[in-house]
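Colleague: I'd like a close look at a single part of this model, please: pick one helix and follow it to whatever it lines or pairs with. Take your time, as I have the view open beside me.

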Amino acid sequence: MLFSVKGFRNFLKRCPWICPLVLAVLVLAYGGKVIYQTVSLDLEIMMDSPNSLYRAWSAFGRWGLILYKWIFGMWNYNAGIETGLLLLNLAAAMFSFAYLLDTLTEGKNPLGVAAFTALYLTHPVWGEQFLYMLQGAAISFAVFLMPVALMLYTDGLRGKKPVRIIAGILLGGFVFGCYQSFVIMTAVGLAGIFLFEMHRTRPKFVRGFLTGVLYVLHVPLAFLVSKAGSYVQKMLYANNSTSNYLTDQIRWGKDSADECLKVIRGFFDTVFLLKDSYFNILLPAVCILVLVLIILKFREFGNPVPALIGALAVALGPMYLVSFTATTPQYRSELTLPLTAALLSFACLMLIKIKPVRILFFIFCMYIAFLQANTFARINYTEYIRYQQDVSLSEEIIQESKDLGVTDFENTRLVIIGNRIAPLNSACEPRHPNSAVGASVYELEMISMNKANCFIRDLGVRYKMCSKGDLKTARDYANANNMPIYPAKGFVALDPESGLLIVRLS
């Protein structure tokens, strides 16, 4: 067998530095998750009414998240356990990824393993994803299981072991059932494995093509397993609801072809031409460098065409989602970005044979990883400051309502008019397009009614939820009475006729 307990022990002997490296990266990038315990995006809803969010997950087909919550006894949110499991799962994920890559390259690329670990864990996309700590532990567990599924599938193909092939597909189906972005992420991972296999085996073109087909088959087969799991979960959960959340994002056929292509080109420029500070020179550099190295070192591959196809499939990974939907994706869903950059960096260190050049490139990779960790830590700090601002405003609203004589909170409908962007300091991460970092619940209230009310409930004061009709009534009252805007005195008012507690933010 290619992957085994004995093989893992040998890997740890070859790479004794992997433990301190993973620990150092987790402390630098993720330490803020332990220090800054906040109520982040959508947590305000989960902490008040978890079942409503689980029904939404079920409708989205994210049955793996629900199963994880149920198995690990985390149906109700627990900040300490969720954060602890996030870190443990990510550490396990790095060991599984490192073991996978080290074994595929027969232990000949330790610098590549170290660079992959540091680059992958610190990418700001993970900072975006783990704003949603309601699913942080489950997503990180899927990150751990994904390379395990790839190991099983690869081992099964190499050794012609059907049991391992089936196990890899079943495990992949669970991973897909956690978050749809893992479908594309797995495809990129398989393309990377294919590239390394082409380097190891140096096959003829036809054999290389057939090997590629076998790797590609993993994705649709695991996807079918995921759909079956979603069907079973809905039956057991007695929830037959569906959602257009994902299909509504597909703009092909709804917008003109020119508009769709413009969106795709814009995202390409953002990621590869560095139009956003989340993205750095590493990704475009390694995309070009790995293709050049494969061409220059074609003798190492026999026929370099299959390897070039594999490398291109990895390099274009960040473009798959936007090309499929023609919608600029939220950064939190672009989980292929860290994997693409880290895999291609690993490939470059595998192909660079001149020792001083390889060491310099490794130093460059670790420097980029440190800069990413810096950004990641700033994301955590920004969320902490945003949270403190939201708490401060919530406490002002509570106190103002008490001053107005409100005592029966649960029978008083709270209506918030307008929105408020949290005032952040200069040490915070600046706002990014397609990003939720630093977004206040009072800013998002305009697109998600009662979001701020749920946040206030988490602080212990339960106002009654409002309706769209209440919002119209509140606006009419505010305009008719020339109600002041926060932070002016009187930004909270009680309408004696409707009984609404009205907060005017803008």
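Modeller: Happy to; I will start with how to read the model, then go to helix α18, and then to the loop it is paired with.

This is a predicted model, in which local features need pLDDT of at least 70 and side-chain atom pairs count only at pLDDT 80 or more, while totals for chains, interfaces and linings use all residues. Residues are numbered from 1 along each chain as its sequence is written, and side-chain values use heavy atoms, with hydrogens and water left out.

Helix α18 spans residues 355–403; helices here are DSSP runs of H or I with at least four residues, strands are runs of E with at least two, and both are numbered from the N terminus. A good place to begin is the space it helps to enclose. The model has four cavities of 30 Å³ or more, a cavity being a set of points on a 1 Å grid over the protein atoms alone where a 1.4 Å probe fits but cannot get out. The largest cavity holds about 150 Å³, counted as the space filled by probe spheres set on the points. It is lined by 15 residues, and Lys 33, Tyr 36, Thr 38, Ser 40 and Met 133 come closest to its centre; to count as lining, a residue needs an atom within 4 Å of a point. Three helices give two or more residues each to this lining, namely α2 (18–35), α6 (79–104) and α18. Of these, α18 has the largest share, with three residues. Sorted by class, the lining holds seven nonpolar, six polar and two charged residues.

Next, try the charged side chains along α18. Side chains of opposite charge can pair when their charged atoms come close. The whole structure contains 19 salt bridges, each defined by a side-chain nitrogen of Lys or Arg within 4 Å of a carboxyl oxygen of Asp or Glu. One of them pairs Arg 386 with Glu 383, with 2.7 Å between the closest N and O atoms. Both partners belong to α18 and sit three residues apart, about one turn of the helix. Arg 386 and Glu 383 are both buried, where buried means under 20% relative accessible area, exposed means over 50%, and partly exposed lies in between (1.4 Å probe, protein chains only).

A second salt bridge takes you out of the helix. Glu 400 pairs with Lys 489, their closest N and O atoms being 3.2 Å apart. Glu 400 is in α18, whereas Lys 489 is in the loop between α21 (468–480) and β2 (492–494), so this pair ties together parts that are 89 residues apart in sequence. The two ends have contrasting surroundings: Lys 489 is exposed at 64% relative accessible area, while Glu 400 is buried at 16%. Elsewhere, salt bridges with shared partners link Asp 42, Glu 44 and Lys 451 into one network. For a pair with another setting, look at Asp 255 and Arg 251, whose side chains meet in a salt bridge of 3.0 Å, N to O. Here Asp 255 is partly exposed at 29%, and Arg 251 is partly exposed at 26%.

Now back to the loop that holds Lys 489, between α21 and β2. Its backbone is worth a look too. Pro 487 belongs to this loop, and the peptide bond from Tyr 486 to Pro 487 is cis, with omega near 10°. Asn 482 is in the loop between α21 and β2 as well. Although Asn 482 is not a glycine, its phi is positive, at about 50°. Asn 482 counts as exposed, with 65% relative accessibility.

If you want another positive phi to set beside it, go to Leu 274, also a residue other than glycine, where phi is near 60°. Leu 274 is in the loop between α13 (257–272) and α14 (282–296), and at 33% relative accessibility it is partly exposed.

To retrace the route in your viewer, start at the largest cavity, where α18 supplies three lining residues. Then move to the pair Arg 386 and Glu 383, both within α18. Finish at Glu 400 and follow its salt bridge to Lys 489, from where you can go on to the cis bond between Tyr 486 and Pro 487.

Definitions and conventions
On a 1 Å grid over the protein atoms alone, a cavity is a set of points where a 1.4 Å probe fits but cannot get out, and a pocket is an open set with protein on both sides within 12 Å along at least five of seven lines; lining residues have an atom within 4 Å of a point. Ala, Val, Leu, Ile, Met, Phe, Trp, Tyr, Cys and Pro count as nonpolar, Asp, Glu, Lys and Arg as charged, and the others, Gly among them, as polar.
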